[in-house]
Every structure is written in structure tokens, then in C-alpha cells.
Amino acid sequence: MTENFTLLFLAAFTLTLATRLWLKLRQIRHVGAHRAAVPAEFAARITLASHQKAADYTVDRCQTAISAILVDAVLLLAFTLGGGLAALHGLWSAHLDGIAYGLAMIFSVLLISALADLPLSLYSQFVVEARHGFNRMTPALFVSDLGKQTLLGIAIGTPVIAAVLWLMGAMGEYWWLWVWLFWSGFNLLMLFIYPTWIAPLFNKFEPLPEGDAKTRIEALLARCGFRSNGLFVMDGSKRSAHGNAYFTGFGDNKRIVFFDTLLARLSPGEIEAVLAHELGHFRKKHIVQRIVLMFAGSLAFLWLLGQLIDAPWFYAGLGVPARDTALALILFFLVVPVFVFPLTPLSSHWSRRHEFEADAYAAAHADAGELARALVKLYDDNAATLTPDPLHSLFHDSHPPAAQRIAQLQRQEQPA
Ligand SMILES: [Zn+2]
């Protein structure tokens, strides 16, 4: 059984790795092949220079992604069959036991993974993003973000991981159900406190100033019967030139947040249309569906871990000569992505369907033409490619290709 599981893991690992690399290479080739001309349907609105900038940016990002995929793959093999976890276990179990040992194991793995990813995240921010004019982050801000994220991770992670390890040890056969209840409660709490307690540690949020945009947004909210705890502008320009708008929190704690970069670029009518799209996600219950799916998924995975936790082949097959709850958690989170990768197109498809529904909602409650104009501007500003590889898109694109979204909006555009 042990050898069979090792072989199964290696087969899934190889297949996932090869598919991920192949998709990135396809994307690079496809974008390169369409670099010479702006697609006909955008020719009036996007310049050739912009189109080529988007192509170069996409190719650069794919190359960085290929390096990141390779780093992840090496790290996964090093932790498992390469003996990394076995070595960490030898080191910590000689000095610690119980929950202290579990925390030391889990934080060691997190620290090593973060250190391995650091060079590429520096490269991506200060070389790739900078080369294409998107980086607004200073090295000092990068260090301060990293410091805050680490402290926050330790402050929140320590009690949460300790509680999970304790439940796993103390709750008997149905520990996975207890861990799930705890985990779901923790996630709901985070959704609730994130906008007011955590996001302000990283960004400034100011009320949306009075003006045409605010008047139109308030009229739209009233028209759609939507109440929120405020409209805010976030200083996204502190880190990046990319623009966005989003909802955070839920219940009466809902906030609507616009990046300052988005407000600077769009006209009031376009801002209204973008917000109508976001309201569409809310009204069509996409956010609730996502949360429910996340909870159902974590229940299924915890149940599965409950089945594996006492199986000697699960540990030995992945190169770990010992068995305990911390090792079970670590191994599970390391290897699950390898096995669930083939499901990626399903979740991306689901997400793209939601985008179409939100666009349709926006077309019904605001102006489809304004939304189409805003989308073209956002694609252009963000140097998002208009010519993605169809297979890469099928796996990885949470949003439908620009041409499809705009074609749908044009069908729905009200004749004036
Ligand atoms: Zn959307």
C-alpha cells in the first residue's frame, strides 16, 4: 500500500506539474502569436502600442509563474519524499511534545515556504511590475507589509492552530466535525472583522467624497434596494497602479470600497456601471454561494483527513517515518492541491458564469454601454491580454475573456 500510494502521488504530481507548465507555455505562445495586431472588435478603442504592452506584460508574468510553479514543485518534493518533514520531525520531537511540538512543526513549514517564495515575490513586484509601470511600492513599504503580515499571522495563527491541534487530539473519532465547526466559526468571524480591524492596518480608507460619482452611486443603491455601512476610497495607489472595486464584510457590516486608482480613471457613469456589476454579485447571492461552497469543501476535506489520519501508508508513502496530528495536517495541505488540480476548470467556469450574471444585472440596472467602456479602459490600464489562450483561460481565468463579456453587454444594451 505504501509503495502504491507513493506511485499514485508521484503520478498526480507529475501530471499536475506538466499540465500547469504546458498551460503557461501555451499562453505565452498564443499571446505572442496575436501580438502583431489588435483584435478587430477592439481596434477602434485600443491602440497597437497598448495591445503590445499587454502582450509583453502577460508573457513576463507567465515566465514568473513558471518559476513559481517550479519552486513549489521542488519544495513539495523536498518536504515529502526528500525527507524535509522527517528531518523537522526529528529536530522538534527531540525537544518538544504535544501542542508546542505541533506549532513548531507547522510554523517551520510555513516559514520555509515563505522564504522560498520571497525571491520571486520581490522579483515580481520590483522587476516585472516596475518594468511595466505598475509598481508603486517602495522597498520600505514591502518590508513593513511583510513585517505586519508576519506578526498578524503569528498573533492569529498561534491560537487557531493550537485550538485545531487540541480538538484533533481530544475529540475522539469525530474530531473532524469539531474542527470544522471551529474553523467555520473562525472564518465567519474573520469575514466580519476584516474590513474594520485588519484592512486598515494596510491601507487608508476614506469616505467617498461628495460629487457626481457619489450622487449617482447613492441613486443606484436606492434603485437596487441596497443598504451598506458606507462607501470608501482606498489608497490602492500606494502599492500598485492596478485598479479595482469590491465589497467587504456582510450583514450590516457591508462596505463598498473603491481603489483610488479606479476612481481616477473612470467617468462617474462608468463607476456607477462597475458598482452595478458588484451589486449584481451580491444580489445574485454569489458571495453567499461562495461561502457555502467553501464550508462544504472544508467539511469534505476534513472528513477525508479523518479517514487518512490513522493510515500508516499515508505518512510512509509521503516519506514521513512518524505519525501525529501535526504531520497529518501538514501532509494533507501539502499534497491535496496536487490531487484537486484537475477540478480547477470547474471552479473557474463557475466564477466566469457569475461574472456574466453580474454583467447582466449591471446592464439591467445601469448602462451596459458604460460598463463596456469601463471594461475596455480597465483591460487597457491593467495591460490584461485581449487574446488569451483558450485552454489556459478554461483553467485559470476567473473572468471571461473581454471579447465575450463585451459581446454580451452589446446584446443587452438598451436602445437609447
Ligand atoms: Zn465580477
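## A tour from loop to zinc to pocket

**Stop 1: Ala383.** Start in the loop between α14 (368–381) and α15 (390–396), where Ala383 lies. This is a predicted model. Check the backbone of Ala383: phi is near 50°, a positive value in a residue other than glycine. Now show the surface. Ala383 has a relative accessible area of 2%. Buried means under 20%, so Ala383 is buried.

**Stop 2: Lys285.** Move to the loop between α9 and α10 and select Lys285. Here too the residue is not a glycine, yet phi is positive, at about 60°. Is Lys285 buried or exposed? Its relative accessible area is 52%. Exposed means over 50%, so Lys285 counts as exposed.

**Stop 3: the zinc ion.** Select the zinc ion and display its protein donors. Which atoms are they? NE2 of His277, NE2 of His281 and two OE donors of Glu355 lie 2.0 to 2.8 Å from the ion. Along the chain, the donors follow the spacing H-x3-H-x73-E. Colour by helix to see the pair that links distant parts of the chain: His277 sits in α9 (residues 268–283) and Glu355 in α13, 78 residues apart.

Next, look at the angles at the zinc ion. The 4 donor atoms subtend 51 to 136°. A tetrahedral site needs all angles between 85 and 135 degrees. The arrangement is therefore irregular. For reference, the ideal angle for four tetrahedral donors is 109.5 degrees.

Switch the surface back on. His277 is buried, at 5% relative accessible area. Glu355 is buried as well, with 6% relative accessibility.

**Stop 4: the second largest pocket.** Turn on pockets and pick the second largest, with a volume of about 1,600 Å³. Its lining has 46 residues. Centre the view on Phe332, Phe333, Leu334, Val336 and Pro337, the lining residues that lie nearest the pocket centre.

Which helices supply at least two residues of this lining? Select α1 (2–33), α2 (48–79), α4 (98–131), α5 (139–170) and α6 (175–202), then add α10 (286–308), α12 (325–340) and α13 (344–365). Highlight α12 on its own: it gives the largest share of the lining, 9 residues.

Finish by colouring the lining by residue class. The split is 33 nonpolar, 10 polar and 3 charged.

Definitions and conventions: Residues numbered from 1 in each chain as written. Predicted model: local features only at pLDDT ≥ 70, side-chain atom pairs only at ≥ 80, totals over all residues. Heavy atoms only, no water. 1 Å grid on protein atoms, 1.4 Å probe; cavity = no way out; pocket = protein on both sides within 12 Å on 5 of 7 lines; lining within 4 Å. Points joined across faces, edges and corners; volume = space filled by probe spheres on them. Helix = DSSP H or I, 4+ residues; strand = E, 2+ residues; numbered from the N terminus. Nonpolar A, V, L, I, M, F, W, Y, C, P; charged D, E, K, R; others polar. Donors = N, O, S within 2.8 Å, 3.2 Å for Na, K, Ca; no water. Tetrahedral: all angles 85-135°; square planar, octahedral: opposite > 155°, others 65-115°. Buried < 20%, exposed > 50% of the residue type's maximum accessible area, 1.4 Å probe, protein only.
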